[in-house]
Amino acid sequence: MTITKNLRRSLYSYKDLLFPFKMKEQELIPHLFRTEYRKLIAVLCKHFGFECIEIAEDIASDTFLLATETWSFKGLPNNPAAWLYTVARNKANDYLKHHHLFDEKISPLIELESTINYEMDIDLSNRNIADSELQMMFAVCHPSISTEAQIGLALRILCGFGIEEIANAFLTNKETINKRLLRAKDKLRTEKVKIEFPGEGEINQRLNTVLTTLYLLFSEGYYSFSQDVILRKDLCLEAMRLTLILIENDQTNKPSVNALISLMCFHASRFDARINQNGESILYPEQDKSLWDMELIAKGEYFLNRASKGNSLTKYHLEAGIAFWHTRQTDSNEKWKNILYLYNQLLQIEYSPMAALNRTFALSKVYGKQEALSEAEKLNLQGNYLYHTLLGELYTDIDNSMAIIHFRKALSLSKSSSERMHLLNKIEHCKILN
Amino acid sequence: MKEFALIFRNSTNAEFTPSPDQMQEVMTSWINWMGSLGAQGILADKGNRLGFTESKTVKPNNVVTDGPYTEIKEFISGYIVLKTATLDDAVEIAKGCPVFKVGGNVEVRGVVDMNDNN
């Protein structure tokens, strides 16, 4: 799918998601392919069932191949979407007829009651497309397959990513991804996973699985070490787009989902400020705040408000709260007290080294370095690059020899040249203080 | 790693009725202490605080009295479960508990697992 790969590298931005506007014609084709591919897959899968997902993928791919070939000669049709749907419908019907004939010739004793008509009428109304995508999300983010497999499948089916791009995103190779997706599809087939909305009884649990996967997908884009900055941004965007589908449906528009999209908006608002042109991270205190996206921050606040309705307090609420406070530029005591408070609660629900380190940093802002140092020494994160960087910072001006030891340790663990520069400067600074 | 329950008891002794400011300070200490345990990755279960207003004690012969069990001028106010290597490690951690600010104490008990004979 190299065609869609190149076309996908677009003009698709956060603003398209959150502030829809009319697209100009030359922007139409890339946006169209990506959007229509996933819609077609969703609807075709719903019709054929998950067992035949490869057939749906083939039909969609063939359709787009034909579109690219035909349109480059004949130009854009008047209604490109309708053109695509007509061709896809014809191909699907051809397949059905062929399949039916095959059955008739090979197994004359058809005992199965066939409910599929020979002429398939694919319902491509907006309502059906939205429903199909939502149902597909639940099918793909299924607890019977690993979260890695869920993300891979989501990127392929829900987002229209090519295998090579998925491999890049995961910093692995195409064979690994192909195997992973194949195994995942097989598992979903054996588990007889249906493309349908979960029932009353299991909706909350299934929604949790979906949210975990979407959050991990977002984190892949946000924290990954891949050099491909555009790809990483795309991962974040896709995670946000899928989360918004949940928001738009009454049954899945829960406080936890609003908290998750809020959190994503806050993080995404700093995307441009936190990565330099080499794809290396710039730490929060050193970011150019003029690069923070204020509109995204406003959207984050809007969703955080909606998330606060009701009684639930999930880890997404806590993380969204923390992210909110990080968008406040003034370094006030109130800001850090709130961040510390929220990390204290978050760490009780779910431990992560990042949260532990960030909590310690917030503690130093509220109670000073000595207090933070005694907490930091209890963290047991030796060998973690960020741990040693933090200890270096905390020891600076208190025990500069210790600071240098930790900065040197961080240096030995560092994987990026800009980080190393940063650390070498810190070491020089400490030497002067000594 | 093993699991140890920390059971917190508060005193019913009148001299430990804190002022609102003191209450605030104690609450902040609790939140910071729990956060610290979380950050160390040793919190197996953040447990629960146990309320005072909704409490009764059921004794033999279906005798029911109001309030928690306070024969010993103390009542259980909550519990958490830690993951540490030894009982002594859990005890060291318990020493830092904010309950001591209000005249309380901490009981440390090993959680019995299926293979134990304790």
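The following exchange concerns a predicted model and takes up chain B, its sheet, several salt bridges and one surface patch.

Modeller: In this predicted model, local features need pLDDT of at least 70 and side-chain atom pairs count only at pLDDT 80 or more, while totals for chains, interfaces and linings use all residues. Residues are numbered from 1 along each chain as its sequence is written, chains are lettered from A and ligands numbered from 1 in the order in which they are written, and side-chain values use heavy atoms, with hydrogens and water left out.

Biologist: In what order do the elements of chain B run from the N terminus on?
Modeller: Helices (H or I, at least four residues) and strands (E, at least two) are DSSP runs, numbered from the N terminus. Chain B has two helices and six strands. From the N terminus on, the order is β-α-β-β-β-β-α-β.

Biologist: What percentage of the residues of chain B count as buried?
Modeller: Buried means under 20% relative accessible area, exposed over 50%, and partly exposed in between (1.4 Å probe, protein chains only). The C-alpha atoms of chain B fill a box of roughly 45 × 40 × 20 Å along the principal axes. Of its 118 residues, the buried portion is 36%.

Biologist: Which strands stand at the edges of the open sheet of chain B?
Modeller: Two strands pair if DSSP finds at least two bridges between them. The open sheet has four strands with antiparallel pairing, in the order β2-β5-β1-β6. One side of each edge strand is left without a neighbour in the sheet, because each has a single partner strand; these strands of chain B are β2 (43-49) and β6 (105-110).

Biologist: Which residue does Ile7(B) stand opposite?
Modeller: Strand β1 (residues 2-11) and strand β5 (residues 74-84) of chain B pair in the antiparallel sense over 10 bridges. Opposite Ile7(B), in β5(B), stands Tyr79(B).

Biologist: Lys315(A) and Glu350(A) meet in a salt bridge; how many residues apart are they?
Modeller: A salt bridge is a side-chain nitrogen of Lys or Arg within 4 Å of a carboxyl oxygen of Asp or Glu, and here the N to O distance is 3.2 Å. Lys315(A) counts as buried because its relative accessibility is 17%, whereas Glu350(A), at 37%, is partly exposed. The salt bridge between Lys315(A) and Glu350(A) links distant parts of the chain, from helix α15 (residues 315-326) to the loop between α16 (333-349) and α17 (353-367) of chain A, a separation of 35 residues.

Biologist: In which helix do Glu428(A) and Lys431(A) both lie?
Modeller: These residues form a salt bridge, with the closest N and O atoms 3.6 Å apart. Glu428(A) is partly exposed at 42% relative accessibility, and Lys431(A) is partly exposed at 40%. They are three residues apart, about one turn of the helix, and both lie in α21 (residues 417-433) of chain A.

Biologist: With which residue does Arg109(B) form a salt bridge?
Modeller: Arg109(B) is partly exposed, with a relative accessible area of 46%. Its partner is also partly exposed, at 23% relative accessibility. The closest N and O atoms are 2.7 Å apart, and the partner is Glu107(B).

Biologist: In which helix is Leu386(A) found?
Modeller: Leu386(A) is partly exposed, with a relative accessible area of 34%. The helix of chain A that holds Leu386(A) spans residues 385-395 and is α19.
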